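Student: I have a structure open and should like to go through it with you. Could we start with the cysteines and then move to the contact between the chains?

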Amino acid sequence: MIRQFVWNIFLVLAGLLLFAPVVIFGLYGFSTRYFYPQLIPSYWSATTFLRQLTDARTRQALILSLEIGTVVSCLSLLVGYPAARTLGMRPFRGKSVVYMLLFVPTVVPPVATGIGLNILFLRTGLAGTVLGVALVHLVPVLPYVVFTLSSVFARYDPHYEYQALVLGASRVQVFWTVTLPLIFPGIVVATLFAFLISWSQYLLTFLIGGGQVITLPILLFSTVSGGNPQATAVLSLIFVAPVVVILIATSRYLATDRVHGQSGITL
Amino acid sequence: MAHARRYIWWQRLVVPLTLAPALGLIAVLFGTSVLYGVAQSLGYLPFLGQTALTLSAYRNILGGANVAHDFWISFGFSLWVCCAATLLAGAGALLVVMLYGDRLRGATRGLMILNINLSFPHLVWAIGLSLLLAQSGLLARVATALHLIGMPADFPVLVRDRYGIGIILDYITKETPFLVLILLSILRSQPDAFGVVAQNLGATRWQRLRYVTLPLVLPGLSAGALLVFAYVFGAYEVPAVLGVQFPRMLSVLALEFFSNPDLHSRAEGMAISVIMALVVLVVALLGRVVSNWGAS
Amino acid sequence: MTRVVLDRLHKSFPTQPTPVLAGLSLDVHSGELVALLGPSGSGKSTVLKIITGIEQPDSGDVRLGEQSLLHVPPHQRGAVLMFQKAYLFPFLNVADNIGFGLKLRGASKQQMRSEVGRMLELVELPGIERKFPGQLSGGQQQRVALARALVVEPRVLLLDEPLSSLDTAIRHTLQETIRRVQRELDITTLLVTHDLQEAIAMSDRTALLLDGMIEAIDRPEALFQRPPTQAAARFMGISTFVTGQVEGAQLLAPWGALQVAGDGERPHAATFAIRPEHLRLLDASAPNAVPGALQDVVYNGEFTLYRVAIGADDVRIKAYQAVPHQPVGTPVYVQFPPEHLFEVLV
């Protein structure tokens with residue numbers, strides 16, 4: 001009896017943990033003159049929200065974040081797929097070295113990576129460009145994509161592909177008609193990781209973008225320093241909404257706890 | 001015959017060819033960042049004519065007057081925050097899994113919720129927490145409504161405080177679910193049979209937890225905790241939002257030094273980040289060793 | 001109407017010390033079903049993979065008709081392979097699975113529908129077009145896999161132990177189905193198996209693969225009754241060998257002399273074999289009978305296995321007819337009928 005009660009309390013706490021931010025942002029963002037000690041806002045208002053939403057800078061930042069996220073996802077998939085397939089399916093010497101080489105960029109502090117690349121990107125003219133920012137995002141993104149896909153390939157049975165081959169499918173046809181459908185959930189998860197990591201990047205974008213590439217996190221960060229809780233709350237909601245939407249849309253591919261647990265992702 | 005030879009030649013190329021793009025990109029991007037970073041920390045700035053390597057940046061931050069003071073305080077502060085956050089998150093995750101592990105195993109909707117929490121960008125989480133825990137924040141208002149306090153100043157300073165409480169709380173609430181997921185995936189990969197065998201041999205629920213679940217889960221937990229430590233040690237966004245001017249966490253300090261137009265400061269900023277990277281690498285490798293050792 | 005010729009195939013894998021294939025040659029006549037028999041890991045599957053092009057030989061040739069296949073990519077060879085698992089594509093239903101090869105060749109929807117229907121009739125599974133692989137039993141899945149392989153009209157059909165994961169009763173039914181379909185369509189077929197019964201029941205000729213080469217190849221009855229070598233004989237279930245000196249029509253063994261069907265060759269050392277069901281267990285002496293002691297009796301349903309010690313050797317007798325029960329240790333006689341003793345190469 002007590003155990004059931006405690007379990008219920010636990011569920012409530014867990015739920016609070018998740019929904020608290022949304023509630024908080026809702027309270028601060030959709031009110032005006034929401035000063036201490038008001039608990040429930042006396043003046044509800046959607047003006048701040050609408051103003052922020054229609055603000056040109058916000059929309060530019062949103063579009064830029066989406067652009068960069070998409071470019072990073074596509075690039076990392078293109079480059080990561082062949083590596084992941086080899087890592088997952090072919091035995092070869094030096095595999096652990098390769099894993100190490102891919103693992104290290106994910107733990108090294110972004111401050112170090114960003115500072116180190118700052119000079120290089122300045123000299124090659126990539127600093128302050130969207131391409132430069134997308135490239136630097138690849139450093140944390142690419143390893144995760146490779147690790148996710150390679151664990152998919154580790155469980156993959158090549159006989160399905162042999163079957164298609166002997167039935168007359170060329171290697172290209174095998175890829176589209178057999179391989180992709182079989183690894184599709186893995187691709188979804190990998191793309192999700194790639195996009196989310198890029199979407200959440202602040203420091204790397206800041207160090208390489210140098211104030212010229214204004215993504216949503218950069219905009220959000222400067223709003224926070226401005227000390228206006230309304231604007232901050234609204235912008236936070238705008239920043240987080242696509243994440244939640246995408247997650248719910250792809251939820252069936254994430255249904256297993258293996259996904260996060262194995263790749264050790266920390267956003 | 002010729003065909004077979006050509007085939008073998010192609011087979012040998014497949015592995016390097018498929019790995020090349022990914023490894024190449026990482027080598028170029030990450031490799032040069034390491035090279036440039038270390039070089040600059042050693043004072044090597046060829047485009048300014050300085051080609052002599054010197055350890056002065058390191059000597060300054062480790063032993064020189066003012067800068068060293070800042071450095072060591074930040075270092076200690078970062079260590080404190082990391083240890084507190086990691087230990088508490090680890091303990092929390094362990095508790096959750098030991099008490100509710102079997103119930104959580106099948107709860108796919110609960111896992112979905114966990115996934116959403118994990119995917120919340122850290123920046124947003126920190127902002128939410130700052131609105132919640134500020135002295136005029138939501139919790140303070142709740143406390144006022146409950147007549148526990150009379151004015152904002154009565155509410156304890158939890159964010160932008162000297163002890164990094166806000167930062168620690170942020171990481172606890174974000175990393176505990178992460179560690180719980182890791183532990184759950186470990187438990188899931190183990191056959192249920194272990195628990196059944198223990199039960200057969202007469203173990204009570206508590207004994208099963210202590211003698212079967214705990215040893216199974218400890219290596220993975222340690223590895224995960226070390227990863228969390230490494231991550232928190234090097235993070236920037238959260239300390240920047242929830243932290244205060246003094247003391248600063250190392251990454252904030254490093255960036256400040258680097259942004260200073262004075263070249264010496266830049267080199268020192270580089271040196272700090274190199275030292276941070278080394279610490280993080282050692283910790284992360286330790287984590288790998290522990291998890292391999294546990295897997296055997 | 002295709003003849004398959006394997007010409008001195010060599011293949012080694014880096015992980016194994018000895019070559020998997022050491023100069024294997026095999027000639028499968030058009031329309032024939034040859035069973036490739038051998039112990040697990042003997043390289044049988046490798047032979048099939050080389051024919052399809054999934055693996056490449058280190059040296060040697062593979063010819064379909066007159067054409068060498070070595071430079072032809074796998075998807076153009078017309079050699080279709082069926083595996084132990086059906087490997088039906090889980091994201092397609094039965095009709096789409098069977099029609100997979102047809103779709104690649106640009107067949108129209110009507111063509112596909114009628115071909116798929118015809119195939120399903122052929123494998124005796126009409127009407128399941130809309131089901132998904134997960135809803136089918138193991139035997140049904142293999143039938144669908146067979147239909148999928150045959151609908152593209154392969155020049156040669158390759159079967160890699162397709163029945164070994166099925167229950168005995170279903171296995172026998174499917175053996176008949178495969179045989180019937182193969183004969184009806186007159187497709188050159190190579191069947192790989194480690195099961196002696198399966199090879200003998202289904203093939204026109206059975207080839208035995210040992211140590212990377214074909215040890216023996218013959219019609220099933222010939223191979224089963226009179227295997228040419230001792231190694232082949234062991235694989236055929238023969239465990240009784242008598243080694244001695246042959247002089248005329250007599251075999252002089254360490255423990256006595258046996259009458260054999262002599263062919264008037266000069267005296268030489270030889271090893272003779274005899275099938276266990278041809279040995280006779282007697283309680284009194286008789287021509288060509290040797291005394292021994294009964295060691296063990298094991299009832300196996302259709303037959304009873306007797307183990308008799310003769311001198312330092314053990315001899316196994318399969319008796320298909322009931323012999324009066326005798327306790328272990330009884331002195332008995334084992335008769336070697338001379339018409340069933342035959343010489344084998346060692």
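Cysteines, interface and one serine

Tutor: Searching the whole structure, which is a predicted model, turns up zero disulfides over all chains.

Student: What is the nearest cysteine sulfur to that of Cys82(B)?

Tutor: The nearest one belongs to Cys83(B), at 6.8 Å, and Cys82(B) is in no disulfide.

Student: Why is there no bond between the sulfur of Cys83(B) and that of Cys82(B)?

Tutor: The two sulfurs are too far apart for a bond, because a disulfide requires the sulfur atoms to be within 2.5 Å, whereas the sulfur of Cys83(B) is 6.8 Å from its closest counterpart, in Cys82(B).

Student: Is Cys82(B) buried or exposed?

Tutor: Cys82(B) counts as buried, because its relative accessibility is 0%. Cys83(B), with a relative accessible area of 36%, is partly exposed.

Student: Let us change topic. How many residues does each chain bring to the contact?

Tutor: Chain A contributes 85 residues and chain B contributes 85 residues. About 7700 Å² is buried between the two chains, and carbon and sulfur atoms give 78% of that area.

Student: Which residues in chain B lose the most area to chain A?

Tutor: They are Leu29(B), Phe30(B) and Arg141(B), which together make up 9% of what that side buries.

Student: And which helix gives the largest share of that side of chain B?

Tutor: Helix H1 (residues 2–41) of chain B does, with 17 residues.

Student: What is the make-up of that side by class?

Tutor: The side of chain B that touches chain A has 55 nonpolar residues, 21 polar residues and nine charged residues.

Student: How many salt bridges and polar contacts cross the interface?

Tutor: The rule finds zero salt bridges between chain B and chain A. For polar contact, it finds five residue pairs across the interface, with both residues at pLDDT 80 or more.

Student: One last residue: where is Ser273(B) found?

Tutor: Ser273(B) is part of helix H12 (residues 263–295) of chain B. This serine is buried, because its relative accessible area is 2%, and the cut-off for buried is under 20%.

Student: Which residues does Ser273(B) touch?

Tutor: Leaving out residues up to four places away in sequence, Ser273(B) touches Val111(A), Ala112(A) and Ile115(A), together with Ala254(B).

Student: What lies 2.8 Å from a polar atom of the side chain of Ser273(B)?

Tutor: That is the backbone oxygen of Met270(B).

Terms used: Residues are numbered from 1 along each chain as its sequence is written. Chains are lettered from A and ligands numbered from 1 in the order in which they are written. This is a predicted model: local features need pLDDT of at least 70, side-chain atom pairs count only at pLDDT 80 or more; totals for chains, interfaces and linings use all residues. Side-chain values use heavy atoms; hydrogens and water are left out. Contact means heavy atoms within 4.5 Å. Buried area is the accessible area (1.4 Å probe) that two parts lose on being put together, summed over both. A salt bridge is a side-chain nitrogen of Lys or Arg within 4 Å of a carboxyl oxygen of Asp or Glu. A polar contact is a pair of N or O atoms within 3.5 Å; within protein, one must be able to donate a hydrogen and the other to accept it, and residues adjacent in sequence count only if both atoms are side-chain atoms. Helices (H or I, at least four residues) and strands (E, at least two) are DSSP runs, numbered from the N terminus. Ala, Val, Leu, Ile, Met, Phe, Trp, Tyr, Cys and Pro count as nonpolar, Asp, Glu, Lys and Arg as charged, and the others, Gly among them, as polar. Buried means under 20% relative accessible area, exposed over 50%, partly exposed in between (1.4 Å probe, protein chains only).
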